[in-house]
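Student: Hey, got a minute to go through this one with me? I'd like to start with a sheet and then look at some helices.

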Amino acid sequence: MAREGPPFVLWYKQPANVWTEALPVGNGRLGGMIFGHVDEDCIQLNECTFWSGHPYDKSNLKLKDYLPVARKLVFEGKLAEAEKVIEEHMGGPRTQSYQPLGYLFIEPAAKGTPSDYQRYLDVSTAVAGVEYAVDGVRHSREAFVSAPDNVMAITITCSKANGLAFKARLDSEHPITTRGAGSGLGTLIAARGQAPDNVVPNYEASDKSVAYEKHEGMHFEIQLGVLACDGEASVDGSALLVVGATSVTLLLAAATSFASFAKEPATSGIDPAKACEAWMGAAKEMDYATLKRRHVLDYSALFGRVAIDLGTSPDANLPTDERLKRIAIPAVASNPLTHWLMQAEFIEYDREAENEIQKGFDDPQLAALYFQYGRYLLICSSRPGGQPANLQGIWNDLVRPPWSSNYTMNINIEMNYWPAEPCNLPECVEPLVQFIKELQIAGTKTANIDYGMPGWVCNHNSDLWRTCNPIKGWTGWQWWPMGGAWICRHLWEHYAFTRDKAFLQDVYPIMKGAAEFLLAYMVPDPSGKHIVSVPSTSPENAFLTDDDKRAAACISSTMDASIAWDLFTNLVMASKILGIDEEFRGILQDAVVKIYPYQLSTSHAGCLQEWDKDYKEAEPGHRHMSHLYGWHPGNRIILHRQPDLADAVRKSIERRLAHGGGGTGWSGAWLVNHFARLEDAEGAYNKVLLLLRRSIYPNMFDAHPPFQIDGNFGGTAGIAEMLLQSHGGEQEEDLDEISLLPALPARWPKGSIKGLKARGGYEVDITWIGGKLDCAAIKSVPGGKVRLRTRQPVKITSDVRVQVFEAGETVIVFRAEPGATYRVLPL
């Protein structure tokens with residue numbers, strides 16, 4: 001690894017002192033965090049199915065009896081009484097927690113102060129390592145986690161013949177038993193343990209218990225063996241010893257007893273030892289070079305689809321942490337950028353002040369690295385056959401991690417997958433699709449038993465065991481039966497980007513089931529003109545009633561209405577495309593027109609109203625911007641179709657910012673996407689820069705704080721949204737829209753992006769010079785009618801005849817033939 005290239009490398013001159021400095025590797029199932037210590041290195045391990053708990057009945061038989069009580073109280077305006085009913089009678093068990101699996105420690109005999117130290121992660125190959133010298137002898141360790149072969153491979157070398165000696169051992173945060181046997185290439189050590197029966201979430205201060213007593217948690221096993229060694233390898237108790245070597249390759253395999261979300265892992269699961277033995281045995285049939293080649297080929301087939309160039313940076317050859325320090329905001333607590341307009345009352349968002357504070361901190365190559373790092377993290381944490389990426393992807397070192405490192409359904413798991421389709425990683429969506437299929441099974445029971453309604457539902461949180469019930473707590477996050485409906489957008493998005501009708505046919509019943517629940521849950525409002533969700537909330541937010549009491553329960557929040565509109569509209573389109581379900585389609589079409597329309601706030605300067613009434617906000621700068629769902633990620637509001645509502649969106653964003661909003665990493669990432677859809681290039685760019693200056697750890701993990709991976713994924717999606725958009729045609733049948741460089745900032749004057757995907761199944765390459773389009777290529781796979789938007793007059797050429805229906809200054813409508821490529825050139 002060379003310091004001056006390639007461009008997509010994170011590297012450092014020192015080991016990681018804390019977990020958020022360690023470098024992540026993974027294959028979608030097995031994850032590792034590499035610290036790179038000299039005296040004793042540590043690789044912290046995770047496995048995607050290793051959670052606390054086990055399946056059990058979470059049904060709340062009282063919920064359906066209290067639901068009409070709470071609904072009546074909300075309609076009567078008795079919100080405090082309604083919330084008391086919700087909190088006392090309508091909640092259920094909380095989710096379980098994603099768990100750390102264990103540790104691999106490697107203690108070399110050669111200790112001391114290192115020189116010429118480098119620790120690196122090459123995101124273009126998914127290979128990490130460390131290099132240094134001690135007493136003139138070079139030492140190196142290189143590691144990767146192979147998806148095709150299901151093992152972690154670690155090669156350790158030293159420059160002195162027979163000068164390599166070390167001890168390797170396994171450990172865990174959980175009680176384990178260890179064993180070791182064999183010698184030479186047959187040397188093997190293993191650790192076996194069991195997950196807790198129950199872990200109380202970290203946010204529960206009064207109860208910090210972690211229970212193992214019932215032995216109902218899943219079993220796990222970690223095995224470490226030797227693939228190659230030119231010295232002597234043996235076992236010392238439960239440690240693996242190597243002496244007299246120059247080069248050694250270790251293999252690590254890990255597995256759990258998890259078999260299904262509905263099976264008891266302790267009694268009905270798989271044998272993790274046999275799984276490890278099978279993977280280790282197959283991997284040992286190959287040498288290290290073959291394993292690495294298979295790994296790189298597999299990974300590069302995904303990562304290599306998209307290339308990005310945002311320009312050069314003078315600091316590009318500096319270590320990653322030094323680059324981040326150079327642009328970091330020095331004192332967040334007192335810096336005017338984050339606290340300049342924290343006023344009790346709304347005042348105008350000061351864009352000029354923001355621009356001034358951001359001036360001089362540009363690092364376009366760091367932004368490009370950040371974009372590709374997000375794609376790297378998604379590939380490493382979400383692969384077919386595994387679990388979907390959770391709040392921390394697949395990386396976690398705590399038994400009681402923040403928010404249980406679970407699947408938070410009110411934006412976080414959805415944001416994890418925002419970059420998957422546009423950034424050309426559709427395979428990474430497969431675990432999410434399987435997750436949704438399993439949620440449908442569990443959520444059908446919740447809908448039928450708890451709610452007494454058809455279809456299926458998922459509320460605010462879920463986990464490995466596919467929890468779907470409302471969890472007990474404050475109404476603002478307990479009561480939100482919209483999680484299933486929102487996550488169904490990803491099923492539609494996968495179809496929209498691929499035009500795979502067989503996939504749409506497969507998932508149509510899932511989307512229909514979510515809609516059937518909403519049709520039952522939504523009831524006529526007092527006027528009889530609309531159907532509304534009651535009780536309703538705007539996730540985790542609150543308002544003040546006329547008597548200045550804090551409340552969360554309302555009649556059909558703007559987000560609820562937007563999600564229902566979104567699901568119903570997409571289902572109508574799906575039924576037409578598939579030519580099925582005409583009767584149900586009619587029901588949906590009747591329901592769509594009865595959903596609450598958007599309302600503009602008179603007390604908040606024309607912002608979109610967040611609740612059914614124009615309430616005073618309890619937190620005007622709240623991190624969630626749920627009332628903007630229909631703007632992004634939805635498409636109920638489209639800039640060029642509803643400019644008046646788009647203006648209300650802008651005012652809503654500016655109001656949030658004026659009161660300190662967007663401060664968490666994921667919330668800031670959402671703002672990148674919001675500004676991009678406004679085609680506000682400088683607004684979007686400023687938020688990208690803020691993510692790099694304020695919301696990032698030394699290893700480039702997103703800082704909520706603490707670490708949440710959704711901000712990484714949302715930031716990557718936002719950069720893609722700045723360069724290419726394709727949502728503009730979603731309200732129209734038989735028309736795709738592609739918008740080139742809709743939010744290109746002045747500080748990326750020259751660059752290119754290749755391999756992005758657009759809805760309709762198009763693949764797009766774009767090059768720009770002097771802040772203007774130089775050329776673009778649009779590859780049409782299934783073909784269709786395209787409305788092309790540009791920022792300048794262009795012409796379209798192709799090797800096939802170009803059929804143009806409309807030609808304006810910046811809008812061209814043309815027919816894209818299947819398999820053809822269309823070149824877009826400036827006039």
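Student: So what's the strand order in the open sheet with 5 strands?

Tutor: Bear in mind this is a predicted model. The order in that open sheet runs 27-28-32-35-34, with mixed pairing.

Student: Which strands stand at the edges?

Tutor: Strand 27 (724-725) and strand 34 (803-807). Each has a single partner strand, so one side of each has no neighbour in the sheet.

Student: And in what sense do strand 28 and strand 32 pair?

Tutor: Parallel, over 4 bridges, between residues 736-740 of strand 28 and residues 784-789 of strand 32. In that second strand, V786 is the residue opposite D736.

Student: OK, switching to helices. How do helix 12 and helix 13 cross?

Tutor: Their axes come within 10 Å and cross at roughly 160 degrees; helix 12 covers residues 483-498 and helix 13 residues 501-521. An angle over 145 degrees counts as roughly antiparallel, so that's what helix 12 is relative to helix 13.

Student: Left-handed or right-handed?

Tutor: The crossing is left-handed.

Student: Which residues meet there?

Tutor: From helix 12 you've got G484, A485, C488, L491, W492, H494 and Y495. Helix 13 brings K501, F503, L504, V507, I510, M511, A514 and L518. By type, the contact has 12 nonpolar residues, 2 polar and 1 charged.

Student: Zooming out, how many helices and strands does the chain have?

Tutor: There are 19 helices and 36 strands. The radius of gyration is 27 Å, close to the 28 Å from the globule rule for 827 residues, so the chain is as compact as a globular protein of that length.

Technical notes: Residues are numbered from 1 along each chain as its sequence is written. This is a predicted model: local features need pLDDT of at least 70, side-chain atom pairs count only at pLDDT 80 or more; totals for chains, interfaces and linings use all residues. Side-chain values use heavy atoms; hydrogens and water are left out. Axes are lines fitted to C-alpha atoms, for helices over the stretch in contact, and angles run from 0 to 180 degrees between N-to-C directions. Helices (H or I, at least four residues) and strands (E, at least two) are DSSP runs, numbered from the N terminus. Angles under 35 degrees count as roughly parallel, over 145 as roughly antiparallel, 65 to 115 as roughly perpendicular and the rest as oblique. A crossing is left-handed if the near helix is turned anticlockwise from the far one by less than a right angle, and right-handed if clockwise. Contact means heavy atoms within 4.5 Å. Ala, Val, Leu, Ile, Met, Phe, Trp, Tyr, Cys and Pro count as nonpolar, Asp, Glu, Lys and Arg as charged, and the others, Gly among them, as polar. Two strands pair if DSSP finds at least two bridges between them. The radius of gyration is taken over C-alpha atoms; the globule rule is 2.2 Å times the number of residues to the power 0.38.
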